[in-house]
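Please find below a short note for a colleague who is new to this structure. The points concern one strand, its neighbours and the pockets.

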Amino acid sequence: MEMEKITLVECPRDAMQGWKTFIPTGEKIAYLNALLQVGFDVLDFGSFVSAAAIPQMADTREVLEGLRPEHSRSRLLAIVANLRGAEEAAAYAQIDCLGFPFSVSPTFQLRNAHAGLEESFGRVAAIQELCRRHGKQLVVYLSMGFGNPYGDPWSQDLVRDWARRLASLGIGVISLADTVGLASPEQVEQVTRRLVEDLPGVEIGVHLHSTPYNRQPKLEAALRAGCRRFDGALGGVGGCPMAGDELVGNMDSEWMIRFFRDRNLLGELDWKALDSCLDMAKALFH
């Protein structure tokens, strides 16, 4: 039996947010509009968060005004960290999805969202209700989903229990994030499989960070576990600046695309548009 096609999420926001020099707004707009022509399923383009915390994303509103998603099959996703940001994002008709980073590490959740786990869970509930009213989809990223560098408790049961609680709110997409790239392929397979089997009504994704040396074992592990939603960024750029550690880059989308194409798991892409974006990415992230 042929496997179902995967959902491919391109994350230029994650690639840009930790970049040391500010990328001019016009260059962001040009790059994102080019990415919209490739055929990614979802484009994680920006975030409505504190400009003081993530200066690179301070111009998300101006960037959005310059985007032309109407002739693209890609759905636009914006990251939010609280209800105020979610209300602002939800007011834009162009935005299809809101993403909320929910860390199972209390230390990281305080760093990233200035809130504890229970307060953050309350935020998710309020944002989910907002999304229902505005016809948006809420994607929850379980960050530090494979462990953390802070010594906080972590176990597969802990991840499963939080995923269950989030699913009880009606969250339709939960993505396991290997935020600092410390997951082993075995962990990726075990944790992902457990959620896929435990939450059949929820789309389980992975947002893996990796080096060129361990990306294939991690990707194969998630695929074996039943995952069909994968995040990446062209050039393998990125990482979360709020983690306060040496950044491990995103899974390289160009490499992922070849991997999935060879296994006949890829939807239709515009290869000429992809080549153009690869040239732009090299110029932006040099």
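1. How many of the 9 residues of strand β4 (residues 95–103) are buried? The strand is mostly covered, with 8 buried; buried means under 20% relative accessible area with a 1.4 Å probe, protein chains only. Helices (H or I, at least four residues) and strands (E, at least two) are DSSP runs, numbered from the N terminus.

2. This is a predicted model, in which local features need pLDDT of at least 70 and side-chain atom pairs count only at pLDDT 80 or more, while totals for chains, interfaces and linings use all residues. Residues are numbered from 1 along each chain as its sequence is written, and side-chain values use heavy atoms, without hydrogens and water.

3. Strand β3 (residues 75–80) runs parallel to β4 and is joined to it by 4 bridges; strands pair if DSSP finds at least two bridges between them. L76 stands opposite I95 in β4.

4. Strand β5 (residues 137–143) also pairs with β4 in the parallel sense, over 7 bridges. Here F100 has V140 in β5 as its bridge partner.

5. The largest pocket (an open set of points on a 1 Å grid over the protein atoms alone, where a 1.4 Å probe fits, with protein on both sides within 12 Å along at least five of seven lines) is lined by 31 residues; lining residues have an atom within 4 Å of a point. V49, I79, A81, P101 and N112 lie nearest its centre. The largest share of this lining, 4 residues, comes from α5.

Methods:
Buried means under 20% relative accessible area, exposed over 50%, partly exposed in between (1.4 Å probe, protein chains only).
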